[in-house]
Amino acid sequence: DSCAAPAGAANAAAAAAAPGRAARRAAGGGGAGERGKPGFCDLVSSGVFAPGVYEFQIGAAQIAVAEVTPRGTISFCGQEHSSISRFALAAARGRNPARQACDGWMEVRLGGTRLEAWRRAFVEGTAPPPAPQARGL
């Protein structure tokens, strides 16, 4: 995953081991996401989603306050998550420890808008929705 990619020579070795992913990145196709879609860290590094503290809604009833770091990771409950889906799963397991999977792009909302809207704006090159940061936290 591009957010947790090794540095230096190890990064070159990882690219050689996965030439399809490296070719997509070289062509501007994004990083950590599934099936060539951009990862959350790509949105942060491009400026589509700003670092800061946010109050995310997970699923229908859960609120999670988390910090988006300048590297594009999500810090939540003392752990740093390299993808939005890993963050969403960690938050969801707070309510349901048996939870096995979570599509963070579809299940995580900010200000009532699914995070998929930011990824779509990144891919389409359009203006992203507003991202209201948490206040007083």
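A search of the whole structure, which is a predicted model, finds 0 disulfides. Two cysteines are nevertheless worth a look, since their surroundings contrast. C77 is exposed, with a relative accessible area of 68%, whereas C102 counts as buried at 12% relative accessibility.

The overall layout helps to place the details that follow. The protein chain contains 6 helices and 6 strands, and along the sequence these elements follow the pattern α-α-α-β-β-β-β-α-α-β-β-α. Of its 137 residues, 35% count as buried. Among contacts in the protein chain with a separation of 6 or more, 42% are between residues 24 or more positions apart.

The 6 strands form an open sheet with antiparallel pairing, in the order β4-β3-β2-β1-β5-β6. At the edges of this sheet are β4 and β6 (113-114), each of which pairs on one side only. Strands of a sheet pair through backbone hydrogen bonds, either parallel or antiparallel.

Within the sheet, β1 and β2 run antiparallel and are joined by 7 bridges. In this pairing, Q57 stands opposite I63 in β2. The hairpin of β1 and β2 has 3 residues between the strands, and G59 there takes a positive phi near 65 degrees. G59 belongs to the loop between β1 (52-58) and β2 (62-68), and is partly exposed, with a relative accessible area of 31%. The C-alpha atom of G59 is separated by 8.9 Å from that of A88, a residue 29 positions away along the chain.

On its other pairing, β2 meets strand β3 (residues 74-76) in the antiparallel sense over 2 bridges. Here E67 stands opposite S75 in β3. The hairpin formed by β2 and β3 has 5 residues between the strands, and G72 in the turn has a positive phi of about 90 degrees. The two faces of β2 can also be told apart: Q62, A64, A66 and V68 make up the covered face, while I63, V65 and E67 lie on the uncovered one. Thus I63, the residue that Q57 stands opposite, is on the uncovered face of β2, as is E67, which stands opposite S75. Further along the sheet, β5 and β6 run antiparallel and are joined by 2 bridges, with L110 standing opposite T113 in β6.

Turning to the interior, the largest nonpolar core has 25 residues, of which F49, F56, F87 and L115 touch the most other members. The elements that give two or more residues to this core are α3 (40-46), β1, β2, β3, α4, β5 (108-110) and α6 (116-124). The largest share, 5 residues, comes from α4. F56 offers a good view of these surroundings. Leaving aside residues up to four places away in sequence, F56 touches F49, Q62, I63, A64, A66, V68, F87, V108, R109, L110 and L115. This list includes F49, F87 and L115, which are named alongside F56 as touching the most other core members. It also includes Q62, A64, A66 and V68, the residues of the covered face of β2.

Aromatic side chains form a picture of their own. The whole structure holds 7 aromatic pairs. In one of them, F49 and Y54 are tilted, at 4.9 Å centre to centre and with 50 degrees between the planes. Both F49 and Y54 are buried. F40, F49, Y54, F56, F76, F87, W105 and W118 form one aromatic cluster, and three of the residues in this cluster, F49, F56 and F87, are also among those that touch the most other members of the nonpolar core.

Finally, two serines share a loop and a partner. S83 lies in the loop between β4 (79-81) and α4 (84-95), and S82 is found there as well. S82 is buried, with a relative accessible area of 12%, and S83 is likewise buried, at 17%. Both values fall under the 20% cut-off, so both residues count as buried. Their contacts with R86 involve separate parts of that residue. The side chain of S82 makes a polar contact with the side chain of R86 (2.5 Å), whereas the side chain of S83 reaches the backbone nitrogen of R86 at 3.0 Å.

Methods:
Residues are numbered from 1 along each chain as its sequence is written. This is a predicted model: local features need pLDDT of at least 70, side-chain atom pairs count only at pLDDT 80 or more; totals for chains, interfaces and linings use all residues. Side-chain values use heavy atoms; hydrogens and water are left out. Helices (H or I, at least four residues) and strands (E, at least two) are DSSP runs, numbered from the N terminus. Buried means under 20% relative accessible area, exposed over 50%, partly exposed in between (1.4 Å probe, protein chains only). A polar contact is a pair of N or O atoms within 3.5 Å; within protein, one must be able to donate a hydrogen and the other to accept it, and residues adjacent in sequence count only if both atoms are side-chain atoms. A disulfide is a pair of cysteine sulfur atoms within 2.5 Å. Rings of Phe, Tyr and Trp (its six-membered ring) pair if their centres lie within 6.5 Å; planes under 30 degrees apart count as stacked, over 60 as edge-to-face and the rest as tilted. Two strands pair if DSSP finds at least two bridges between them. A nonpolar core is a set of buried Ala, Val, Leu, Ile, Met, Phe, Trp, Tyr and Cys residues joined through side-chain atoms within 4.5 Å. Contact means heavy atoms within 4.5 Å.
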